[in-house]
Amino acid sequence: MADAGSWPSVLVAPAALLALAVLALCSDAVLDARTAGRPATPAAAVRPLLDVVRLLLAQPRRTPASDALLWRIGVLTAPTAAVLAVAVVPFGGHVVADLEVGVVWFNAMEALTWAGLWLAGWGPNAALPLIGGYRFLAQGLAYELPLMFALIAAAVGAESLNVGDIAAAQQGLWFAVWMPVAFAVYLASVLAFSFLGPFGYPAGRDIAGGVLGETSGVDRLLLQAGRWLLLAAGSAMAVPLFLGGGAGPLLPGWAWSLLKTLAVLGLLLWARRRVPAVRADRYVEFAWMVLIPATIVQTLVPALVVLRR
Amino acid sequence: MLELFLLLAAALFSVGLYGALSQQSIVMIMMGIELMIAGVITAAAALWHFLAPAAADGQVIVVAAVVAMAVEMAMGFAVTTAVFRSRDIDTADAAEDLKG
Amino acid sequence: MTAALFAVLAVLAVTGAVLVFRCASMARATFALLASLVCVGGEVILLGLPYLGVVTVLMMVMEMVVMAVFMVAYMMNPAGLMPMSMVHNRRGALTISGVVFAGLAAGVLLAPWPGRVGTAPQDTTFQAGAALMGDQMLTMVTLGFALLATMVGATVLAVGRGRYDRFGDDLSRPRPDDPAGGGVGR
């Protein structure tokens, strides 16, 4: 069991999440610069941060007959969901909210992006963002069930829905080692719910930015931030679920949590550049025909192991 | 406190009933039914908490109500799709062949 | 604290419920319903059932987004840009639901509710799981069969193309003729 949440952790956790997201964004910019043949300097790294200033100052764009209220709600949902999701993730021994049902909470908060992105696509009353919103739903139908089974596999292995208990149950062997299918599906789903890389289809270039298309100024900043915050939250959650949490020799727990989170984040950033974009209609069939059976069989493995224990 | 929760449940149920009775669109009728089941969920959880928390029966009712919600949604959309596909209508008034 | 949370969630739940039938925009109506159902999930958490509450929220979010898709697909005026009325027998419905509420409220307030028997276990999630896998196994199996029947029935009803459309009149096509291809090479 992790320590119960104290007041400072309520502020520290979102700040740490934001720092991770910014770090991911900057590393991504460096990789971009290297791919483009530009020197990978600190200036290249902070380039996306200049966008923050630009977006804060930008003139807001309006569309006719937009549903401003729903649009705002949708845009706000993505970063809010990421911050709420990370509340149950133990960092070393510290956790904001040590919920009994932390895994389900994480899943519910991540599912909020369904509503958020559909609303962000619906709000501006424009065709291409709406297509982007629908694309995310199609993608959601594909990634959600395998993700649920991957989470269930970890929970069954630990016989608990508490994230701290799941981390503690991996003293001997990481779940990533003996539940590789669940781990891989989880990582793919993290990219899917942050709609990045191969799953960047809802905000694809072929539909002029999709859900991001008509947003401008602070709205665009929040939606983009939500994307990277969700990626960071998903990476942070992978550590207690599959990589033993803060357990490790020599270093304190928080340092191990941080190192492992950074490793997962690096892996996802690498995968984001390596794997081609996958269309939702193709991924749905793959997810339902291959991933769901595979994850169900994967869930059977810890169930049998727990029975024999 | 039990009475307050049950009053909330009754309010949700009645609002949902109003919607289910008064709306023409099949999808809106389903929204009314969802609200009615939400009332059932609230009532069952409250009865579990305030009357018999030692037994799991109240929780089982909540589970059953949640399943009823899912079944209602899936079948409702399937029927709407089938009706719309065959006759291009989406209101209950236009599909009253079974009316006695 | 609990009382205040209950009051806030209750007011939001009922407000959302009323807004469902007041909004002209179908998207707004759906998300008003979502807000209402999320508040119901909050009340369930408040009653000491964190698992069922969070699961309700999780399910309702996905369900309502799917509902929004169907609303937009089937309604003739999904954004509510041209106000129109889609109700019938409004007065009768109001009367019936008013009488039902009055009856329920009278029952709630007049019934001699017994006192609490026993105490809640430490882990209510475990209680529900143990019951569903033990004494209430029959309930669980029935619910499972109901869900399976729903999956099959809903698919049969909703699919517009049968196997003769996909595999040809004598079912001789080696690969089905589908409008959209899949991701596993079929």
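These notebook entries record what I looked up in the predicted model shown above, chiefly in chains B and C.

**Conventions.** I number residues from 1 along each chain as its sequence is written, with chains lettered from A and ligands numbered from 1 in the order in which they are written. Since this is a predicted model, I note that local features need pLDDT of at least 70 and that side-chain atom pairs count only at pLDDT 80 or more, whereas totals for chains, interfaces and linings use all residues.

**Entry 1, chain B.** I looked up the secondary structure, where helices (H or I, at least four residues) and strands (E, at least two) are DSSP runs numbered from the N terminus, and found 3 helices and 0 strands in chain B, in the order α-α-α from the N terminus on. The C-alpha atoms of this chain fill a box of roughly 50 × 20 × 20 Å along the principal axes. For the radius of gyration, taken over C-alpha atoms, I used the globule rule of 2.2 Å times the number of residues to the power 0.38; chain B has 16 Å, where a compact globule of 100 residues would have a value near 13 Å. I count a residue as buried if 20 or more other C-beta atoms, placed from the backbone, lie within 10 Å of its own, and on that basis 61% of the 100 residues in chain B are buried.

**Entry 2, chain C.** Here I found 7 helices and 0 strands, which read along the sequence as α-α-α-α-α-α-α. The radius of gyration of chain C is 23 Å, well over the 16 Å that the globule rule gives for 186 residues, so this chain is more spread out than a compact globule. Its C-alpha atoms fill a box of roughly 70 × 50 × 30 Å along the principal axes, and buried residues make up 31% of the 186 residues. I also noted a division into domain 1 (1–81) and domain 2 (123–177), with bounds that come from an automatic or database domain assignment; the centres of the two domains, taken over C-alpha atoms, are separated by 26 Å.

**Entry 3, which chains touch.** I took two residues to be in contact if their C-beta atoms, placed from the backbone, lie within 7 Å. Of the 2 pairs of chains in contact, chains B and C share the most contacts, while chain A and chain B do not touch, their nearest C-alpha atoms being 14 Å apart.

**Entry 4, the side of chain B that touches chain C.** I found 60 residues of chain B in contact with 64 residues of chain C. Helix 1 (2–22), helix 2 and helix 3 (57–87) of chain B each supply at least two residues of this side of chain B, and the largest share, 20 residues, comes from helix 3. Counting Ala, Val, Leu, Ile, Met, Phe, Trp, Tyr, Cys and Pro as nonpolar, Asp, Glu, Lys and Arg as charged, and the others, Gly among them, as polar, I divide the residues of this side of chain B into 43 nonpolar, 12 polar and 5 charged.

**Entry 5, one helix pair.** Helix 2 (residues 26–50) of chain B and helix 2 (residues 26–46) of chain C pack at an angle of about 10°, with their axes 10 Å apart. That makes the helix 2 of chain B roughly parallel to helix 2 of chain C, a term for angles under 35 degrees; axes are lines fitted to C-alpha atoms over the stretch in contact, and angles run from 0 to 180 degrees between N-to-C directions. The residues that meet include B:Met31, B:Leu35 and B:Ile41 in helix 2 of chain B and C:Leu33, C:Leu37 and C:Val40 in helix 2 of chain C. The residues of this contact divide into 10 nonpolar, 2 polar and 2 charged.

Notes: Angles under 35 degrees count as roughly parallel, over 145 as roughly antiparallel, 65 to 115 as roughly perpendicular and the rest as oblique. A residue is buried if 20 or more other C-beta atoms lie within 10 Å of its own, exposed if 12 or fewer, and partly exposed in between; C-beta atoms are placed from the backbone.
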